[in-house]
Amino acid sequence: MTAHYDSLETRDPAERERDLMARLPALVASAMRAPGWAKHLQGIDPKSVTSREALAKLPVFYKSDLPGLQKSEPPFAALTPEALGLYARISISPGPVFQPEMDRLDPWRIARGLHAAGFRKGEVVLNTFAYHLTPGGFMLDLGARALGCPVVAAGPGQTEQQLIVIEHLRPVAYTGTPDFLKILRDAWVAAGKGDFPIKRAAVSGAAFPPSLQAEVKSFGIDAYQLYAVGDLGLVSYETTAREGMVISEDVLLEIVKPGTHEPVAEGEVGEVVVTSFDLQRPWIRLALGDLSAVLTGRSPCGRTNTRIKGWMGRADQTTKIKGMFVRPEQVAEIAKRHPELKRLRLVVTRDGELDAMTLRAEAQSADADKVAATLHAITKLKGAVEISAPGSLPNDGKVIADERSYK
């Protein structure tokens, strides 16, 4: 039994970076075999994309655009270089977004995260993610089987039937949402069935707040979080260190500023953008719409890849003020026109029965009246401007904070 899945997890970070940069041109070239990517990356020479700086100049691809693009150009918005018949399975995520599954062992690379959660060969896994249409059940199923774990294809719900399965097969491990794990354990205890056999879990798909983490731990269950998406699979995973989530191998992750999509400084909260090195299902700068931040230093668990804090909210902060949409891109444009401004936050409130907005900006020195004029010119709405000292605004990735209450 080894602590790490393979030697890739513990290699020198500089070696990993050289490897990823060397593979970028082939990834871009492979993607551009597909008409959708060729259009999206029009004018890009794949041979020129050999660094993070060069990658950051490529346009971001919004995950939120996929439903519309797939509807206009079925089945996969012309983003796959392979013919439809070469994929093993097709699933559907909310949107709807149609997801092709590669015909190979562990196509979503989930096994690495399960191994970090303590899953080992021969242990029976109760998989409660849905198998019906959605990819979640198959993602975890194939990942566990790649480790040599027999999988109970349980799916969600049907608590009474699940208890019969647990009592009969005595699974050691669980995959599913953290709240359903609690439901199963509580029902087991209420039924007076004795010791709960599940001792470890890999959870995803729902919030796992500290209070629930503590409760699950009190059950004698060692639970770890996975950050995975149906588009490309495992993004990051929690380890025994319990200090953030380690980015998966074969994934290049950026944290960018909502609105500009420029990489932010280490520790700054921003939107998660992922490039996945899968030549059959390439993703280049896919903006997932989630917020996170990079943690400094290395994980005590021995893995050397970059860590992120985990899911910190949604990045799409577009809101409507007085009937007009205001977007993060507009706030970014204000910052561009006033380089003396640092972090910005547009706060939306109610003044009596009317919408009101205040642009709060960090700066050593700035002319609030000039900034207010720019705010009006860009948004077509009038708003107040407050200038404060650098470091005074929250580092939570919010560019637009809608604090309106209609009670």
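This tour goes through helix contacts, an aromatic cluster and some unusual backbone spots.

The model is predicted: local features need pLDDT of at least 70, side-chain atom pairs count only at pLDDT 80 or more, and totals for chains, interfaces and linings use all residues. Residues are numbered from 1 along each chain as its sequence is written, and side-chain values use heavy atoms, with hydrogens and water left out.

**Stop 1: helices α7 and α8**

Select residues 159-169 for helix α7, then 178-190 for helix α8. Helices (H or I, at least four residues) and strands (E, at least two) are DSSP runs, numbered from the N terminus. The axes of α7 and α8 come within 10 Å and cross at roughly 75°. Axes here are lines fitted to C-alpha atoms, for helices over the stretch in contact, and angles run from 0 to 180 degrees between N-to-C directions. The two helices are therefore roughly perpendicular. The angle classes are: under 35 degrees roughly parallel, over 145 roughly antiparallel, 65 to 115 roughly perpendicular, and the rest oblique.

Now show side chains. From α7, pick Thr159, Gln162, Leu163, Ile166 and Glu167; they meet Phe180, Ile183, Leu184, Ala187 and Trp188 of α8. Contact means heavy atoms within 4.5 Å. By class, this contact has seven nonpolar, two polar and one charged residues. Ala, Val, Leu, Ile, Met, Phe, Trp, Tyr, Cys and Pro count as nonpolar, Asp, Glu, Lys and Arg as charged, and the others, Gly among them, as polar.

**Stop 2: on to α9**

Keep α8 and add helix α9, residues 210-218. The axes of α8 and α9 are 11 Å apart, and the packing angle is about 40°. That makes α8 oblique to α9. The crossing is left-handed. A crossing is left-handed if the near helix is turned anticlockwise from the far one by less than a right angle, and right-handed if clockwise.

On the α8 side, select Pro178, Asp179, Leu181 and Lys182; on the α9 side, Leu212, Glu215 and Val216. These contact residues divide into four nonpolar, no polar and three charged.

While on α9, click Gln213. Gln213 is partly exposed, with a relative accessible area of 31%. Buried means under 20% relative accessible area, exposed over 50%, and partly exposed in between (1.4 Å probe, protein chains only). Leaving out residues up to four places away in sequence, Gln213 touches Phe208 and Gln225.

**Stop 3: the tryptophans**

The structure holds six aromatic pairs. Rings of Phe, Tyr and Trp (its six-membered ring) pair if their centres lie within 6.5 Å; planes under 30 degrees apart count as stacked, over 60 as edge-to-face and the rest as tilted. Select Trp37 and Trp283. Their ring centres are 6.0 Å apart and their planes lie at 75°, so this pair is edge-to-face. Trp37 sits in helix α2 (residues 35-40) and Trp283 in strand β13 (residues 283-292), so the pair ties together parts 246 residues apart in sequence. Both Trp37 and Trp283 are buried. Add Phe61, which joins Trp37 and Trp283 in one aromatic cluster.

**Stop 4: backbone oddities**

Most residues other than glycine have a negative phi, and most peptide bonds are trans. Look first at Pro74 and Pro75: the peptide bond from Pro74 to Pro75 is cis, with omega near 0°. Pro75 lies in the loop between α4 (66-72) and β2 (89-93).

Next, go to the loop between β3 (97-101) and α5 (111-116), where Asp106 is found. Asp106 is not a glycine, but its phi is positive, about 50°. Asp106 counts as buried, at 12% relative accessibility. Arg109 is also found in the loop between β3 and α5. The phi of Arg109 is near 60°, and at 17% relative accessibility Arg109 counts as buried.

From Arg109, step across to Ser248. Its loop runs between β10 (245-247) and β11 (251-256). Ser248 counts as buried, at 1% relative accessibility. Beyond its neighbours within four places in sequence, Ser248 is in contact with Arg109, Arg112, Leu234, Val235, Ser236, Tyr237 and Asn305.

**Stop 5: helices α10 and α11**

Finish with residues 328-337 (α10) and 368-379 (α11). They pack at about 140°, with axes 10 Å apart. The two are therefore oblique, and their crossing is right-handed. Gln330, Glu333, Ile334 and Arg337 of α10 meet Val371, Thr374, Leu375, Ile378 and Thr379 of α11. This contact divides into four nonpolar, three polar and two charged residues.
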